[in-house]
Amino acid sequence: MRVLVAGGAGYIGSHVVWALRDAGHQVTVADNLSTGLRSNLPTDCELIETDLSDPGAAGRLMKSNPEAAVLLAGAKAVGESMQDPGKYARNNLAAALYLVEELTRAGCYNLVFSSTAAVYGEPLYSPVDEEHPLDPQNFYGFTKCEVERLLGWYARLKGLRPGILRYFNAAGYDRAGRVTGQEVNPQNLIPRVLEVAAGRRSFLEVYGQDYPTRDGTGVRDYIHVSDLARAHVLGLEKLAAGDKGFTINLGSEKGLSVFEIIETARRVTGRPIPVKVTDRRLGDPAEVLASSKKAQQLLGWKAECSDPETLLSTAWAVYR
């Protein structure tokens, strides 16, 4: 298929591009390169530098005549979303609307959307399945939840076939070593841990040690980015085969605390990682674990390389 990947030069996006290429698909990438890197893409991959929050940008992308699309573009830092909601409204809500409108107008109905476990908010039970109530506790999660609703309406009114993938915590790097550009100003735990190991930060801030968890720190379901990328390919191919759309979780079904990640990083890197415990961040739940049974049933997918050692060692291969 000819696949348009919006946000394809970013951390997750570049892994999705490589997975699509490995599966034999033709890829065009749209990215404003605010956080993405051209160096993470195949050298012969077409890159259109554009910003989807520009109302006219999505229409110009239709010149690539896509048969399917992946929407990864957007802002993703939980804390920042609570301080600058306007940025997230533009980059996540408006950009999605512009792209979906132009895709359906051009007759491209197969779309995989990068959503998030943040749409669930504080879990009422664990592991979280797709039937869990949606109650985002931060503005980032709210924007993703609203885009999901938008896609549902476009499915009803315009024939869109949306595959919604609710990520849990992406980590790691391409095991083949093809993606080596590091995230710009990373907000997630593992890149920050490795920046300390690499000597770029003097210590790691741990946001809260008073959660009702086994060691007082937040527990998350970490999934290797290569596992995520493979799910995008399977999702697009299922839509192309005639599926009308789906919503599924992507997680490892296992939880790791902040301190467990730090201890694994110390073991993998062989370096000390000083920490400083500070206050909780607004909007952070104590524990979020996934149920990925639906992904296994619908896509034949399960996490294959999301163990803590692989997560940390593939990332450390880049950061060291």
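Q: Helices (H or I, at least four residues) and strands (E, at least two) are DSSP runs, numbered from the N terminus. Where, on that basis, is the place of Phe-203?
A: The model is a predicted one. In it, Phe-203 belongs to neither H6 nor S8, but to the loop between H6 and S8.

Q: Why does Phe-203 count as partly exposed?
A: Buried means under 20% relative accessible area, and exposed means over 50%. Phe-203 has 34% relative accessibility, so it counts as partly exposed.

Q: What does Phe-203 touch, not counting residues up to four places away in sequence?
A: Its partners are Val-196, Pro-274 and Lys-276. The C-alpha atoms of Phe-203 and Val-275 are 5.2 Å apart in space, though 72 residues separate the two in sequence.

Q: What makes H6 mostly covered?
A: The count of buried residues does: nine of its nine. Among them are Arg-192 and Glu-195, alongside Leu-189, Ile-190 and Pro-191.

Q: Which elements do the buried residues of H6 pack against?
A: Three are strands: S7, S8 (204–207) and S10 (222–224). Two are helices: H8 (258–269) and H10 (308–319).

Q: What is the phi of Gly-199, which follows H6?
A: The phi of Gly-199 is positive, near 85 degrees.

Q: Why is the pair of Tyr-11 and Tyr-173 called tilted?
A: Two rings pair if their centres lie within 6.5 Å; planes under 30 degrees apart count as stacked, over 60 as edge-to-face and the rest as tilted. The centres of the Tyr-11 and Tyr-173 rings are 5.3 Å apart and the planes meet at 55 degrees, so the pair is tilted.

Q: What makes this a link between distant parts of the chain?
A: Tyr-11 lies in helix H1 (residues 11–22). Tyr-173 lies in the loop between strand S7 (169–171) and helix H6 (189–197). The two are 162 residues apart. Both Tyr-11 and Tyr-173 are buried. Ring pairs also bring in Tyr-319, giving a cluster of Tyr-11, Tyr-173 and Tyr-319. In total, the structure has three aromatic pairs.

Q: How do you know that Phe-139 and Phe-142 form an aromatic pair?
A: The cut-off for ring centres is 6.5 Å. Phe-139 and Phe-142 are 5.2 Å apart, centre to centre. With 35 degrees between the planes, this pair is tilted. Both residues lie in helix H5, three residues apart, or about one turn of the helix.

Q: Why does Phe-139 count as partly exposed?
A: The buried class ends at 20%. Phe-139 has 23% relative accessibility, so it counts as partly exposed. Phe-142, at 33%, also counts as partly exposed.

Q: How do you know that the charged end of Arg-156 sits over the ring of Trp-153?
A: For an arginine, CZ has to be within 6 Å of the ring centre and within 35 degrees of the ring normal. The charged end of Arg-156 is 4.0 Å from the centre of the Trp-153 ring, and sits over that ring. Arg-280 lies over the face of Tyr-211, at 4.1 Å from the ring centre.

Q: What makes S3 and S11 the edge strands?
A: The sheet of seven strands is open, in the order S3-S2-S1-S4-S5-S6-S11, with parallel pairing. S3 (46–49) and S11 (246–250) each pair on one side only. Neighbouring strands of this sheet are turned by 20 degrees against each other on average, direction ignored.

Q: How do you know that S5 and S6 pair?
A: Pairing takes at least two bridges. Seven bridges join S5 (residues 110–116) to S6 (residues 161–167). Thr-116 stands opposite Tyr-167 in S6. Helix H5 (residues 139–158) lies across S5 and S6, at about 155 degrees to S5.

Q: How many bridges join S9 to S12?
A: Two bridges join S9 (residues 219–220) to S12, and the strands run antiparallel. Val-219 has Ser-257 as its bridge partner in S12. The open sheet runs S12-S9-S14, with mixed pairing.

Q: Why is the protein chain called as compact as a globular protein of that length?
A: The globule rule gives 20 Å for 320 residues, and the radius of gyration is 19 Å, close to that value, so the chain is as compact as a globular protein of that length. Of its residues, 53% count as buried.

Definitions and conventions
Residues numbered from 1 in each chain as written. Predicted model: local features only at pLDDT ≥ 70, side-chain atom pairs only at ≥ 80, totals over all residues. Heavy atoms only, no water. Axes fitted to C-alpha atoms, helices over the stretch in contact; angles between N-to-C directions. Contact = heavy atoms within 4.5 Å. Phe/Tyr/Trp six-rings, centres within 6.5 Å; stacked < 30°, edge-to-face > 60°. Buried < 20%, exposed > 50% of the residue type's maximum accessible area, 1.4 Å probe, protein only. Rg over C-alpha atoms; globule rule 2.2 N^0.38 Å.
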